[in-house]
Amino acid sequence: MKKSSKIISGIVVIALLAAGIIYGTTRPAKLSADKTVYKVDGMSANIKGTASQSKSVYYRIDNGKRQTAAVHAGVFTINLAASDQDQRVVIHNHKASATATVKAAAVLADYTKFASAYNQSVISSNLSKEMQTKAAALQKAAASKTATAAEIAQMTAEQKQQLADQTKALAQTSKEVQAALAKSKTDNQAKLLPENFNNHIKNVVDSKNTVLRINVAHGKLIGITIIVPSKSLSVQSSKNSSSEFAKTFALVANALGANPKSVLKQFSQVAKDAKKSGTTSLKTIRSNNIKFDTGFSTKNLYIYVTK
């Protein structure tokens, strides 16, 4: 009887241990996001949270395709590109789920219009000084009043000849400028923005001295990041390196309706202050409702352009 009692007691202990092990391995997975509502910071927003018993979580943005995010030490981060619309993100970890909303960002401009204005400026700014002068003369002539048929009828023969000569000269100048613009477009193709670009963050201009990263959503330009190697702005760097950055910075500002001279002047002061104080924190430059947040690292200068 004692022997059977010991056996029964042993079975009970084993059963309890097994139950504990099974409970431990079948505990429901947990999931939580740090916030339910996130605001965009620069070009994107980071949704952070915790997840148990998993190496990854999966999520859908506005019921879109399934995507995954890795879990490290129980923590996950989902980086979401800023959009002109609120974005609802549903995150899953086994049977557990959490929902977060990323608020819409302000729109900088219509992307197609911005790209057109920027590209035209790139092309024209790379013309020779002679061609730039001729192009300016054409614009002035186009803006001036043209003689009417009645006015021409009242002209002397000499005046009519002068008008004919001027018209012929302008036509020749126009032909030369158009050819120069076409060549400049071909020569500077790598510096131009793509005409068609949507729902993406990408380095659209990527040269040794300047990187231009843009975010476009639903045809709207949401943000721009200008990235420049710090060494290209040093005293020892070539003039070409620093002038390429200055030109890109000015063209971006101009295409967005900001004042390029004011922006560059403010940046010059920000750079001097940063060098003097040794700080790398963000400083904001403003012009015509456009924000240029500048930040320095040991390797690069970052300028985040938003509204």
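These are my notebook entries on a predicted model.

**Overview**

I began with the secondary structure. The protein comes to seven helices and 15 strands. I then looked up burial: buried residues make up 32% of the 307 residues. Next came contacts between residues at least 6 apart in sequence. Of these, 55% join residues at least 24 apart.

**Nonpolar cores**

I looked for the largest nonpolar core and found 37 residues in it. Ile224, Leu256 and Phe292 have the most contacts inside this core. I then listed the elements that each supply at least two of its residues. The helices are H2 (111-125), H6 (239-255) and H7 (260-277). The strands are S10 (200-206), S11 (211-217), S12 (220-229), S14 (290-296) and S15 (300-306). Apart from this core lies another, of 19 residues. I noted Phe76, Val89, Ile91 and Ala100 among them.

I went back to Phe292 for its contacts, setting aside residues up to four places away in sequence. Phe292 touches Phe249, Ala253, Ala258 and Val263. It also touches Lys283, Thr284 and Ile285. Ile303, Tyr304 and Val305 complete its list.

**Leu301**

I picked Leu301 next, which is found in strand S15. Is Leu301 buried or exposed? Its relative accessibility is 0%, so Leu301 counts as buried. I left aside neighbours within four places in sequence and read off its contacts. Ile226, Ile227, Val228, Ser230 and Leu233 are in contact with Leu301. So are Phe245, Phe267, Gly295 and Phe296. I also checked Lys231, which is 70 residues from Leu301 along the chain. The C-alpha atoms of these two are separated by 9.5 Å.

**Strand S12 and its partners**

I turned to S12 and its burial. Nine of its 10 residues are buried, and the strand is mostly covered. Which strands pair with S12? I found S9, S11 and S15, each in the antiparallel sense.

- S9 (residues 109-110) pairs with S12 over two bridges. The bridge partner of Ala109 in S12 is Leu221.
- S11 pairs with S12 over seven bridges. Leu212 stands opposite Ile226 in S12.
- S15 pairs with S12 over six bridges. Thr225 stands opposite Tyr304 in S15.

I also looked at the hairpin of S11 and S12. Two residues lie between the strands. His218 takes a positive phi there, near 55 degrees.

**Aromatic rings**

I counted aromatic pairs and got seven. I looked at Tyr111 and Phe197 among the rings. Their pair is tilted, with 6.1 Å centre to centre and 50 degrees between the planes. Tyr111 lies in helix H2, and Phe197 lies in the loop between helix H5 (157-187) and S10. The two are 86 residues apart in sequence, so the pair ties together distant parts of the chain in that sense. Both Tyr111 and Phe197 are buried.

Then I took the rings of Tyr302 and Tyr304. Their centres are 6.2 Å apart and their planes are at 5 degrees, so I logged the pair as stacked. Tyr302 is partly exposed, with a relative accessible area of 24%. Tyr304 is partly exposed as well, at 27%.

I also found one aromatic cluster, formed by Phe245, Phe249, Phe267 and Phe292. Two of its members came up in the contact list of Leu301, namely Phe245 and Phe267.

One charge over a ring went into the notes. The charged end of Arg66 sits over the ring of Tyr58, 3.7 Å from its centre.

**Helix H5 and the loop after it**

How many residues does H5 have? I read 31 residues. From its first C-alpha to its last, H5 reaches 45 Å. That is close to the 45 Å expected at 1.5 Å a residue. Its buried residues are Thr173, Val177, Ala180 and Ser184. What covers these buried residues includes H2 and helix H3 (129-143).

Last, I looked at Asn196, whose place is in the loop between H5 and S10. Asn196 is exposed, with a relative accessible area of 73%. I compared its position with that of Thr112. The two are 84 residues apart in sequence. In space they are 7.5 Å apart, C-alpha to C-alpha.

Key
Residues are numbered from 1 along each chain as its sequence is written. This is a predicted model: local features need pLDDT of at least 70, side-chain atom pairs count only at pLDDT 80 or more; totals for chains, interfaces and linings use all residues. Side-chain values use heavy atoms; hydrogens and water are left out. A nonpolar core is a set of buried Ala, Val, Leu, Ile, Met, Phe, Trp, Tyr and Cys residues joined through side-chain atoms within 4.5 Å. Buried means under 20% relative accessible area, exposed over 50%, partly exposed in between (1.4 Å probe, protein chains only). Helices (H or I, at least four residues) and strands (E, at least two) are DSSP runs, numbered from the N terminus. Contact means heavy atoms within 4.5 Å. Rings of Phe, Tyr and Trp (its six-membered ring) pair if their centres lie within 6.5 Å; planes under 30 degrees apart count as stacked, over 60 as edge-to-face and the rest as tilted. A charge sits over a ring if NZ of Lys or CZ of Arg is within 6 Å of the ring centre and within 35 degrees of the ring normal. The expected span of a helix is 1.5 Å times one less than its number of residues. Two strands pair if DSSP finds at least two bridges between them.
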